[in-house]
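Work through the exercises below with the coordinates open. Each task is followed by a solution in steps.

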Amino acid sequence: MGKLAICPGSFDPITNGHLDIIQRGANVFEEVIVTVFNNQSKSPLFSVEERIELLEESTKHIPNVTVDSSSRLLMDYAREKKAHAVIRGLRAVSDFEYEMQITSMNRKLNEDIETLFMMTNNQYSFLSSSMVKEIAKYDGNITGLVPEPVEKALKAKFNYL
Ligand code: ADP
């Protein structure tokens, strides 16, 4: 197994499902860079800077994880970083087709970088950033779904603090 893996995503915001995948990646690779990609087609709740800060706070206990952001193509970014692999999380079958499309396109763009899929812990199979935001918007209980700093940040965003 190579040394460096990139864990890309929107992370708007990071959930415990993301964290589970990041931790699994960090167990296998020597170094993991979690990179926030600013997906123009989604309108984010948190700015890239806020998302980076929440990722840093939520991963500070994992020594071989660092956080970065990029607005380039993932495969160009991965080449520049000399990464060996890209890690993506799979929740349910519903993720599969979308991930297959991206991965086959990415393979066209850069043959040298392998995309690895990791299956999340069952308890996070139906967890997504958008679901967490929807619950938080109505002041629902999101304890256990997101890291603590994210819970606070969501409450503050929706004026419940
Ligand atoms: P993107 O916009 O690139 O899909 P996301 O932030 O939504 O970015 O997700 C980043 C990665 O984390 C994706 O591979 C996604 O499948 C994975 N992921 C998201 N939620 C979970 C979860 N609950 N468990 C495992 N993986 C997840």
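## Exercise 1: the sheet

Strand β2 is mostly covered, with six of its seven residues buried. The model is a predicted one.

**Task.** Determine in what order the five strands form the open sheet, and which are the edge strands.

**Solution.**

1. Start with β2 (31-37). Its link to β1 consists of six bridges, and the two strands run parallel. One bridge pairs Cys7 with Val34 in β2.
2. Go to the β4 side of β1 (residues 4-9), where two bridges make the connection, again parallel. Ala5 has Ala85 as its bridge partner in β4.
3. Put the sheet together: the order is β3-β2-β1-β4-β5, the sheet is open and the pairing is parallel.
4. Read off the edges. β3 (65-70) and β5 each pair on one side only, which makes these two the edge strands by the definition of pairing.
5. Add the twist: neighbouring strands are turned against each other by 30° on average, direction ignored.

## Exercise 2: helices on the sheet

**Task.** Find which strands α2 and α4 lie across, and what covers the buried residues of α4.

**Solution.**

1. Helix α2 (residues 48-59) lies across β2 and β3, at about 170° to β3.
2. Helix α4 lies across β4 and β5, at about 170° to β4.
3. List the buried residues of α4 (residues 94-109): Asp95, Glu99, Thr103 and Asn106.
4. Consider the spacing of these positions. An α-helix has 3.6 residues a turn, so residues three or four places apart point the same way.
5. Identify the cover. It includes α3 (74-80), β4 (85-90) and β5 (114-119).

## Exercise 3: a helix pair

**Task.** Describe how α2 and α6 pack: at what angle, and with their axes how far apart?

**Solution.**

1. Two packed helices are described by the angle between their axes and the distance between the axes.
2. For α2 and α6 (residues 148-157), the angle is about 150° and the axes are 9 Å apart.
3. Angles over 145 degrees count as roughly antiparallel, so α2 is roughly antiparallel to α6.
4. Name the residues that meet: Glu50, Leu54, Glu57 and Ser58 from α2, and Pro149, Val150, Ala153 and Lys157 from α6.
5. Sort them by class: four are nonpolar, one is polar and three are charged.

## Exercise 4: the loop after β1

**Task.** Work out whether Asp12 is buried or exposed, and what its side chain reaches.

**Solution.**

1. Locate the residue: Asp12 sits in the loop between β1 and α1 (16-28).
2. Apply the cut-off. Buried means under 20% relative accessible area; Asp12 has 6% and therefore counts as buried.
3. Follow the side chain. It reaches the backbone nitrogen of Phe46 at 2.9 Å, and it makes a polar contact of 2.8 Å with the side chain of Lys133.
4. Widen the search to contacts, leaving aside neighbours within four places in sequence. Asp12 then touches Pro44, Leu45, Phe46, Arg51, Ser129 and Lys133.
5. Check the backbone. Most residues other than glycine have a negative phi, and most peptide bonds are trans. The peptide bond joining Asp12 and Pro13 is cis, with omega about -5°. Phe11 has a positive phi, near 50°.
6. Place the two neighbours. Pro13 is in the loop between β1 and α1, and so is Phe11. Phe11 is buried, since its relative accessible area is 4%.

## Exercise 5: three other loop residues

**Task.** Classify Ser71, Asn122 and Asp139 as buried, partly exposed or exposed.

**Solution.**

1. Ser71 lies in the loop between β3 and α3. Exposed means over 50%, so Ser71, at 70%, is exposed. Its C-alpha is 9.9 Å from that of Thr35, with their positions 36 residues apart in sequence.
2. Asn122 is in the loop between β5 and α5 (129-137). Its relative accessibility of 60% makes it exposed. Asn122 and Arg91 are 31 residues apart along the chain, and their C-alpha atoms are separated by 8.1 Å.
3. Asp139 belongs to the loop between α5 and α6. At 41% relative accessibility it counts as partly exposed. Its phi is positive, near 60°.

Technical notes:
Residues numbered from 1 in each chain as written. Predicted model: local features only at pLDDT ≥ 70, side-chain atom pairs only at ≥ 80, totals over all residues. Heavy atoms only, no water. Buried < 20%, exposed > 50% of the residue type's maximum accessible area, 1.4 Å probe, protein only. Helix = DSSP H or I, 4+ residues; strand = E, 2+ residues; numbered from the N terminus. Contact = heavy atoms within 4.5 Å. Axes fitted to C-alpha atoms, helices over the stretch in contact; angles between N-to-C directions. Parallel < 35°, antiparallel > 145°, perpendicular 65-115°, else oblique. Nonpolar A, V, L, I, M, F, W, Y, C, P; charged D, E, K, R; others polar. Polar contact = N/O pair within 3.5 Å; in protein donor to acceptor, adjacent residues only side chain to side chain.
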